Amino acid sequence: MLAPYFPRGGAVLALVWLALTTVAHAETQVVLLGTGNPPADPDRSGPATAIVVNGTPYLVDFGAGVVRRAKSAVVERGVAALDPVKLRVVFLTHLHSDHTVGYPDLILTPWVLGRRVPLEVYGPRGIRHMTEHVLEAYSADFETRKKDRGLFSVGAFPEGHAVNAHEIEPGIIYKDANVTVTAFATPHAMESYGYRFETADRSIVISGDTNPAQATIDACRGCDVLIHEVLTHEWLAKRPDFQAYAARFHTTTTQLTELAKQAKPGLLILYHASLSLRPAVDAERSSPARLLQEMSGYPGHVVVGRDLDVY
Ligand SMILES: [Zn+2]
Ligand SMILES: [Zn+2]
């Protein structure tokens with residue numbers, strides 16, 4: 001951005017301009033709550049990403065640990081918007097368990113802590129069915145807590161554990177004063193969506209689980225941030241049992257390099273990767289250095305996303 005020219009009282013005006021633009025740029029934050037996938041990795045929670053706009057959080061996916069990671073973002077990163085009671089609007093990429101096992105946690109824990117309004121969940125066909133069954137599974141909890149109206153005000157706000165599940169189709173699926181969210185279909189093992197978030201100051205695209213897709217390139221096209229899944233060749237070579245599945249439903253470092261060259265994001269964040277931060281957790285998986293090495297043909301800015309990173 002070019003600084004405007006301030007002819008008189010320039011220093012003061014320039015400082016005001018700098019302060020205003022700095023605040024403006026800080027309006028939208030990407031907070032990586034969980035960058036892992038199915039393995040029970042203590043360093044990487046299940047997939048969950050927060051887009052925070054003007055103090056309002058929007059989540060994508062609810063993998064294992066989602067609510068505790070949100071609280072960690074408050075305590076360790078100072079992102080007050082991610083206090084669990086504020087988690088209210090959520091977008092689901094697909095129904096695979098690594099993206100959804102945090103669902104009861106997301107419904108129940110913020111309510112028990114004081115959320116007073118229903119959770120709004122947007123996702124593929126089947127999210128209503130899953131929601132009905134999760135609510136049914138926890139009916140003993142709801143009924144018991146609702147009886148005690150004095151307990152953390154939980155009983156006084158029974159709608160705080162309600163869920164409005166919206167089954168979506170590609171296109172604009174959500175809009176409020178902060179953000180417009182567009183869903184695009186992605187090729188994966190089941191009905192799946194990627195999402196583009198458009199705010200006053202940033203455009204952010206998140207892939208979900210997917211084979212390389214023209215839809216992802218089209219959704220980004222010079223977006224500020226692209227968050228994309230990826231598998232290393234190093235790991236795939238050790239997992240012949242997974243290769244055919246991965247070739248249809250996931251993305252290799254080579255494929256992502258080519259995709260990102262066309263999508264041209266300002267920043268590419270790698271997540272849901274065949275990665276391990278410590279060999280003691282999983283020696284088969286690749287290190288962050290190896291992952292970046294396999295992405296070295298990509299000329300743009302690329303980082304390995306870690307839980308609780310803020311961008
Ligand atoms: Zn996954
Ligand atoms: Zn999946």
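This text walks through the packing of one chain, from its nonpolar cores to its aromatic pairs and two unusual backbone angles. The model is predicted.

Start with the interior. The largest nonpolar core has 33 residues. Within this core, L33, F62, L82 and Y103 have the most contacts. Several elements each supply at least two of its residues. The strands among them are β1 (28-34), β2 (48-53), β5 and β6 (163-167). The helices are α2 (66-77), α4 (103-113) and α5 (127-137). Helix α4 gives the most, with six residues.

Look next at F62, one of the residues with the most contacts inside this core. Leaving aside residues up to four places away in sequence, F62 touches P47, V90, L92 and H99. F62 also touches the run T100, V101, G102 and Y103. L106, V121 and I127 complete its list of contacts.

Another core lies apart from the largest one. This second core has 26 residues. L32, Y174, V181 and I269 are among them.

Now turn to strand β5, which spans residues 119-123 and contains L119. Is L119 buried or exposed? L119 has a relative accessible area of 0%, so it is buried. Its neighbours come from several stretches of the chain. Again leaving out residues up to four places away, L119 touches L87, R88 and V90. Y103, L106 and I107 are also in contact with L119. So are A162, V163 and N164. Take L106 from that list: it sits 13 residues from L119 along the chain, and the two C-alpha atoms are 8.5 Å apart.

The aromatic rings come next. The model has 11 aromatic pairs. F91 takes part in two that deserve a look. With Y195, F91 forms a tilted pair. The ring centres are 5.6 Å apart, and the planes meet at 55 degrees. F91 lies in strand β4 (residues 89-91) and Y195 in strand β9 (residues 192-198), so this pair ties together parts that are 104 residues apart in sequence. Both F91 and Y195 are buried.

F91 also pairs with F197. Here the geometry is edge-to-face, at 5.6 Å centre to centre and 85 degrees between the planes. This pair again links distant parts of the chain, with F91 in β4 and F197 in β9, 106 residues apart. F197 is buried, as is F91.

These rings belong to a cluster. Ring pairs join F91, Y195 and F197 with Y58, Y122 and Y174. Y174 is also one of the residues of the second core. Elsewhere, a charged side chain meets a ring. R285 lies over the face of W235, 5.1 Å from the ring centre.

Finish with the backbone. Which residues have a positive phi without being glycine? N54 is one, with a phi of about 50 degrees. L308 is another, at about 75 degrees. Their settings can be taken in turn. N54 lies in the loop between β2 and β3 (56-60). Its relative accessibility is 46%, so N54 counts as partly exposed. L308 lies in the segment after β13 (302-304). Its relative accessibility is 6%, and because buried means under 20%, L308 counts as buried.

Notes. Residues are numbered from 1 along each chain as its sequence is written. Chains are lettered from A and ligands numbered from 1 in the order in which they are written. This is a predicted model: local features need pLDDT of at least 70, side-chain atom pairs count only at pLDDT 80 or more; totals for chains, interfaces and linings use all residues. Side-chain values use heavy atoms; hydrogens and water are left out. Helices (H or I, at least four residues) and strands (E, at least two) are DSSP runs, numbered from the N terminus. Buried means under 20% relative accessible area, exposed over 50%, partly exposed in between (1.4 Å probe, protein chains only). Contact means heavy atoms within 4.5 Å. Rings of Phe, Tyr and Trp (its six-membered ring) pair if their centres lie within 6.5 Å; planes under 30 degrees apart count as stacked, over 60 as edge-to-face and the rest as tilted. A charge sits over a ring if NZ of Lys or CZ of Arg is within 6 Å of the ring centre and within 35 degrees of the ring normal. A nonpolar core is a set of buried Ala, Val, Leu, Ile, Met, Phe, Trp, Tyr and Cys residues joined through side-chain atoms within 4.5 Å.
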